[in-house]
Every structure is written in structure tokens, then in C-alpha cells.
Amino acid sequence: MRKFAKPEEEAEINMTPMLDIVFIMLIFFIVTASFVKEQGLDIQQPPDAPPPPPDEKKQNIVIRVDNNNQVWIWNDRRRVDIRQVRPNIERLHAAFPEGVVVIQAAPDAKTGVIVQIYDQALAVDKKMGVSVTRYEP
Amino acid sequence: MRDHAQQDEDAEINMTPMLDIVFIMLIFFIVTAAFVKEAGIQITKPEAAMSIQKPRTSIIIGISDAGEIWINHKKVDLKSVRPVLERLIAENPRGTVIIQADKDAKAGLTLDVLDAARAAKAAEVAISTRKPS
């Protein structure tokens, strides 16, 4: 124990090796740092859907996109322009406030069209439930 | 100049502040380090005004307009999307899986990949979009 008894004299630790390691780690993490900023829409799981209940207020808003990227407001069996989707959702959302928006996509429809409709449904109401399902034409 | 002339006596620089800064930078970069698996293809993202920033992106799946699926810089068959994703998700279970589907990609394929990601138990799945300019 005698050896360790006088530490206050001039005990200086050599910091150089630690500094080397710290710098190398710093450089490694700077180089590998990637700041990925992704914008995205959460696509919800389609509800294990009971068929639209007879209750008037809970009817869903069904929008169908067929293989030719034509948009149908399926509640009315009516084809609309893509720009007319939002006013239609607004109207139907006012009529069926508890309904969710169901986008039925044909396999060959374009993803961009689906995303556009999804976006417009969210623009009507941020808390709107939207789900995407497929349908076979 | 007289002041600077006597440097070699015992001019010791105080390293402590620099060390502090270096350590703080090190900690910052360690904490923010996110090892993202990029898709490896360029696609045209669809526009969406209501999109939100997704934190903790860990895996990016690319779907080209020609119907090719790319994960981690490799082209992947639709059938092997799920096993590949399961392996990558095991490395980072809490990260978000981002699907970068081209705006002209087929919706059927996008939905297939979405289902595969859910089947692989991804914590969160989102479709990548960009803000309209």
C-alpha cells in the first residue's frame, strides 16, 4: 500500500491515446451520419370491414379508382374528375359524419392517384379515417 | 512580436474546453446516428399537402414505375420482400418502414408491398410523398 499512498504529487494521466480514440470515433460518426427526412402518409389497415351498416350516419364514403385511373364516387355510382374529389368528400362527410373514407384501388391504378385522393380526404378532415383496399374489376 | 517570441518556454495549451466540445459532438453524433437502409433508386414521389414528417426512418423500399422493387440497393422479387424485410426489421425493430412508390407505379403492387411490410411486423409503415411546390 505504501506505493499508492502519495498520489497528490504530480500524477498526470497521459490523455493522448484517449484523445486519438475519441477523435476517430467522432470522425466515424460524422461520416456515417445521414439525416434522412422523409415526408409520408400513414396508410391505415383496411378495417376488417363489416359491410356498410344500414345505419344512415355510419355509411362509409367509398371512392373507387379503376384500371384507367378514373375516379368514381361509389356512393353515387358517379364518375368525377380528380379535382372534384375533395368537394365530394366534403359533401358526403357532412352527410355521414361517422363514416370513414374507403379508397378501392384497382390493381393497375396509379399510386399517385391513390395518394392524391388520400391527401384530399385528409385535407377535408385531419382526423378522417382513410383506408385503402383493392377490388377486382 | 516580442510577445510571441517566447513560445517554446513552457507554453501549454489548455485542452479542456476543446475536449468538452469534442465529447459533446461525439455524443450528439452517436445519438443521432441512424443507419438507414436506402432503396437505391430514384423515383418521382407523389405530391401530398397533408403529409407529415416521419421520425425514425429505418428502411426505405423503392417501387419504380416499371414495377421493380428495390430494398437496400438490391432489386427484390415481390415474393422475397417479406423475408428480406423481416431480416432488416430484426436489426432495428422500432424504425419506420417508408415505401417510396413512384407516382406511376401500380397501386396493386404498392398495396402488395404494404401488406408484406405489415406481415413482416413493421412498427410503422408510410408512403413517401413530397410537399407540392
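Two residues are in contact if their C-beta atoms, placed from the backbone, lie within 7 Å. On that basis, in this predicted model, 33 residues of chain A are in contact with 38 residues of chain B. The account below begins with chain A, turns to the domains of chain B, and then returns to the place where the two chains meet.

Chain A contains three helices and six strands. Followed along the sequence, these elements are arranged as α-β-β-β-β-α-β-α-β. Of the 137 residues in the chain, 29% are buried. Its internal contacts often link distant parts of the sequence: among those between residues at least 6 apart, 69% join residues at least 24 apart.

The opening helix of chain A deserves separate attention. Helix 1 of chain A covers residues 16–32 and has 17 residues. From its first C-alpha to its last it reaches 24 Å, close to the 24 Å expected at 1.5 Å a residue. Helix 1 of chain A is hardly covered, and the count of buried residues within it is zero. An α-helix has 3.6 residues a turn, so residues three or four places apart point the same way.

The division into domains places this helix in context. Chain A is divided into domain 1, residues 2–32, and domain 2, residues 56–134. The centres of these two domains of chain A, taken over C-alpha atoms, are separated by 63 Å. Chain B is likewise divided into two domains, with domain 1 at residues 3–32 and domain 2 at residues 57–127. In chain B, the corresponding separation between domain centres, again taken over C-alpha atoms, is 46 Å.

The meeting of the two chains can now be described from the side of chain B. The elements of chain B that give two or more residues to the side touching chain A are helix 1 (16–32), strand 1 (52–54), strand 5 (96–101), helix 3 (107–119) and strand 6 (124–128). Helix 1 of chain B gives the most to this side, with seven residues. By character, the residues of the side of chain B that touches chain A divide into 22 nonpolar, eight polar and eight charged.

Strand pairing also links the chains. Strand 1 of chain A, residues 38–42, is joined to strand 1 of chain B by three bridges, and the two strands run antiparallel. One residue pair shows this link in detail: the bridge partner of A:Gln39 in strand 1 of chain B is B:Gln53. Strand 1 of chain B is thus also among the elements listed above for the side of chain B that touches chain A.

Technical notes:
Residues numbered from 1 in each chain as written. Chains lettered and ligands numbered in written order. Predicted model: local features only at pLDDT ≥ 70, side-chain atom pairs only at ≥ 80, totals over all residues. Helix = DSSP H or I, 4+ residues; strand = E, 2+ residues; numbered from the N terminus. Buried ≥ 20, exposed ≤ 12 C-beta atoms within 10 Å, placed from the backbone. Domains from an automatic or database assignment. Nonpolar A, V, L, I, M, F, W, Y, C, P; charged D, E, K, R; others polar. Pairing = 2+ DSSP bridges. Expected span 1.5 Å × (residues − 1).
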